[in-house]
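Welcome, and please get your viewer ready. We will go from stop to stop, with something to select at each one.

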Amino acid sequence: MIPTLAGRIQTRLFLFLFIGIPITLLYGLYWTGWQWDWRTIQIFVWFLCTITGLGLLLDPVYIFLQTTRWDRDWPFAYQFFFSWVEFGIVFFVARAGLIPYLPEFAFQGGQGLWIATLHFTLVFVPSFLFLLGPLQAIFVRWRFKGGQFGKM
């Protein structure tokens, strides 16, 4: 598949809404002892929202980089790599206290890195696997239309 900008954005938002948010809510509930504590859970939700927002901002850059490749394709290995780059950028900027809605204390120390990495891994792996298989089977035209939904 050669993704279009609209297709990248639609796919990213689809995975965010239907895989990222539910897993993040469950992960937040796990860390609060299965008690609804929005003050804690919202840290995970805002962290995921920030990574998604950064990815949306970088999508035009990815499309430009894609045009420099001879086949104009964007391999899944690139998606894997740049997803982790986006995570690293958000994590270290949040750790520096430069994101006002993400508390700096949540990302300090080894445990902060462990909690954030586990959260991202638990969201990223199912999203990536869903992108590689079921998404292409459920939305057959998605693959042939540059990742756009509903386009015939």
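The tour below moves through helices, cores, salt bridges, rings and loops. Please keep in mind that you are looking at a predicted model.

**Stop 1: Thr11**

Begin by selecting Thr11, which sits in helix α1, the helix spanning residues 5-31. Is Thr11 buried or exposed? Thr11 has a relative accessible area of 8%, so it counts as buried, the cut-off being under 20%. Now show what surrounds Thr11: leaving aside residues up to four places away in sequence, its contacts are Leu131, Leu135, Trp142, Gly147 and Phe149.

**Stop 2: the nonpolar cores**

Next, select Phe47, Phe87 and Phe107. Within the largest nonpolar core, a set of 14 residues, these three have the most contacts. Which helices supply at least two residues each to this core? They are α2 (38-67), α3 (76-95) and α4 (109-132). As background, nonpolar side chains in soluble globular proteins tend to be buried together.

Stay on Phe47 and display its neighbours. Beyond residues up to four places away in sequence, Phe47 touches Phe87, Val90, Phe91, Leu102, Phe107, Ala116 and His119. There is also a second core, separate from this one, made of 7 residues. Select Leu15, Phe130, Leu135 and Trp142 to see some of its members. Two of these, Leu135 and Trp142, are also contacts of Thr11 from the opening stop.

**Stop 3: Arg12 and its partners**

Go back to helix α1 and select Arg12 together with Asp59. These two form a salt bridge, and their closest N and O atoms are 3.0 Å apart. How many residues lie between the two positions in sequence terms? Asp59 in helix α2 and Arg12 in helix α1 are 47 residues apart, and the pair links distant parts of the chain. Asp59 is buried, with a relative accessible area of 0%.

Add Glu86 to the selection. The side chain of Glu86 also meets Arg12 in a salt bridge, at 3.2 Å from N to O. Here the link runs between helix α3, which holds Glu86, and helix α1, which holds Arg12, with 74 residues separating the two. Glu86 is buried as well, at 3% relative accessible area. Finally, add Arg8 to complete the picture: Arg8, Arg12, Asp59 and Glu86 are joined in a network of salt bridges.

The whole structure has 4 salt bridges. One more to visit is the pair of Arg69 and Asp71, whose closest N and O atoms are 3.6 Å apart. Arg69 is partly exposed, with a relative accessible area of 21%, and Asp71 is partly exposed too, at 27%.

**Stop 4: aromatic rings**

Switch to the rings: there are 28 aromatic pairs in the model. Select Tyr62 and Phe82. Their ring centres are 5.2 Å apart and their planes lie at 45°, so this pair is tilted. Tyr62 belongs to helix α2 and Phe82 to helix α3, 20 residues away, so to speak a bridge between distant parts of the chain.Tyr62 is buried, with a relative accessible area of 4%, while Phe82 is partly exposed at 22%.

Keep Phe82 and swap Tyr62 for Trp74. The rings of Trp74 and Phe82 have centres 5.6 Å apart and planes at 25°, so this pair is stacked. Trp74 is buried, with 5% relative accessible area.

Now select a wider group: Phe47, Phe76, Phe80, Trp84, Phe87, Phe91, Phe92, Phe107, Phe120, Phe124 and Phe128. Ring pairs link these residues into a cluster. Among them are Phe47, Phe87 and Phe107, which you met in the largest nonpolar core.

**Stop 5: a patch on the surface**

Turn on the surface and select Leu26, Tyr30, Trp31, Trp34 and Trp114. Together they form a nonpolar patch with about 620 Å² of accessible area. Which helix gives the most to this patch? Helix α1 does, with 3 residues.

**Stop 6: two loop residues**

Zoom in on Trp34, in the loop between α1 and α2. Trp34 is exposed, with a relative accessible area of 54%. Its backbone has a positive phi of about 60°, although Trp34 is not a glycine.

For the last selection, pick Arg72 in the loop between α2 and α3. Arg72 also has a positive phi of about 60° without being a glycine. At 42% relative accessibility, Arg72 is partly exposed.

Notes
Residues are numbered from 1 along each chain as its sequence is written. This is a predicted model: local features need pLDDT of at least 70, side-chain atom pairs count only at pLDDT 80 or more; totals for chains, interfaces and linings use all residues. Side-chain values use heavy atoms; hydrogens and water are left out. Helices (H or I, at least four residues) and strands (E, at least two) are DSSP runs, numbered from the N terminus. Buried means under 20% relative accessible area, exposed over 50%, partly exposed in between (1.4 Å probe, protein chains only). Contact means heavy atoms within 4.5 Å. A nonpolar core is a set of buried Ala, Val, Leu, Ile, Met, Phe, Trp, Tyr and Cys residues joined through side-chain atoms within 4.5 Å. Patches are made of residues with over 30% relative accessible area and no salt bridge: like charges are joined within 9 Å, nonpolar side chains (Val, Leu, Ile, Met, Phe, Trp, Tyr) within 5 Å. Accessible areas come from the Shrake-Rupley method with a 1.4 Å probe; for residues, only the protein chains shown count as cover. Rings of Phe, Tyr and Trp (its six-membered ring) pair if their centres lie within 6.5 Å; planes under 30 degrees apart count as stacked, over 60 as edge-to-face and the rest as tilted.
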